[in-house]
Amino acid sequence: MIIYHGSNMVVEKPRLIQQNRYLDFGCGFYTTTNKEQAEAFARKVCIRRGGSPIVNVYVVPEIFEKGLKIKQFEGPNEEWLDFVTYNRSGCYGGEQFDIIIGPVANDDVYRTIQLYTGELISKQKALESLKVKELFNQYVFATDQAIETIRFVKSVEV
């Protein structure tokens, strides 16, 4: 499988780094199978931090055969919403996984989540709203064991 990581630098050897903010699926190395999504994120990172927009390309073996603990969300369902909400608030204390796969809570989606967490809309209303949004995927490699499965192919400036 080919995966992409948008950045402002070449990342030949992915590694876990302590995040300075709370992300959808917690701490990890965030990737996607959607090249355009990675390109957009690379540009966004450059606006915030400078540098050049780089899409790093990797190959990973069939991850489901590697004995890794994987959590996969099929879509923006109630379980996904709870998981993202807890992680984004820094309150997740549940089961830990090597790889987490599921929809990205991009800025537009995150606004809906903020309305929900601010109790301005119900969970049901949030889920209804999320089902009509185009959500791209993310593959988060959350442990060193998971990151070891990633093989760098190339980087491309976009």
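The protein in this predicted model has a secondary structure of five helices and seven strands. Read from the N terminus, its elements follow the order β-β-α-β-β-α-β-α-α-β-α-β.

**Overall shape and surface**

Along the principal axes, the C-alpha atoms of the protein fill a box of roughly 45 × 40 × 25 Å. The radius of gyration of the protein is 16 Å, which agrees with the value near 15 Å for a compact globule of 158 residues. Of the 158 residues, 43% are buried. The accessible surface of the protein is about 8,900 Å², and carbon and sulfur atoms hold 48% of that surface.

Contacts can also be sorted by how far apart the partners lie in the sequence. Among contacts in the protein with a separation of 6 or more, 84% are between residues 24 or more positions apart.

The protein carries 19 positive and 20 negative charges. The mean position of the positive charges and that of the negative charges are 5 Å apart.

**Strand 3 and its partners**

Strand 3 covers residues 54–59. Is this strand mostly covered or mostly open? Strand 3 is mostly covered, with five of its six residues buried. Strand 3 pairs with strand 1, which spans residues 2–7, and also with strand 7, which spans residues 151–157. The table lists the two pairings.

| Strand pair | Sense | Bridges |
|---|---|---|
| Strand 1 (residues 2–7) and strand 3 | antiparallel | six bridges |
| Strand 3 and strand 7 (residues 151–157) | antiparallel | six bridges |

Val-55 of strand 3 can be followed through both pairings. In the pairing with strand 1, Val-55 stands opposite Gly-6. In the pairing with strand 7, Val-55 stands opposite Val-156.

**Asn-87 in helix 2**

Helix 2 comprises residues 78–88, and Asn-87 is found in this helix. Why does Asn-87 count as buried? Asn-87 counts as buried because its relative accessibility is 9%, and the cut-off for buried is under 20%.

Which residues does Asn-87 touch, leaving aside those up to four places away in sequence? With those left out, Asn-87 touches Tyr-22, Leu-23, Asp-24, Phe-25 and Gly-26, and also Tyr-92. Asn-87 of helix 2 therefore combines a buried position with contacts to residues such as Tyr-22 and Tyr-92.

Notes: Residues are numbered from 1 along each chain as its sequence is written. This is a predicted model: local features need pLDDT of at least 70, side-chain atom pairs count only at pLDDT 80 or more; totals for chains, interfaces and linings use all residues. Side-chain values use heavy atoms; hydrogens and water are left out. Helices (H or I, at least four residues) and strands (E, at least two) are DSSP runs, numbered from the N terminus. The radius of gyration is taken over C-alpha atoms; the globule rule is 2.2 Å times the number of residues to the power 0.38. Buried means under 20% relative accessible area, exposed over 50%, partly exposed in between (1.4 Å probe, protein chains only). Contact means heavy atoms within 4.5 Å. Accessible areas come from the Shrake-Rupley method with a 1.4 Å probe; for residues, only the protein chains shown count as cover. Lys and Arg count as positive and Asp and Glu as negative; His and the chain ends are not counted. The place of a charge is taken as NZ of Lys, CZ of Arg, CG of Asp or CD of Glu. Two strands pair if DSSP finds at least two bridges between them.
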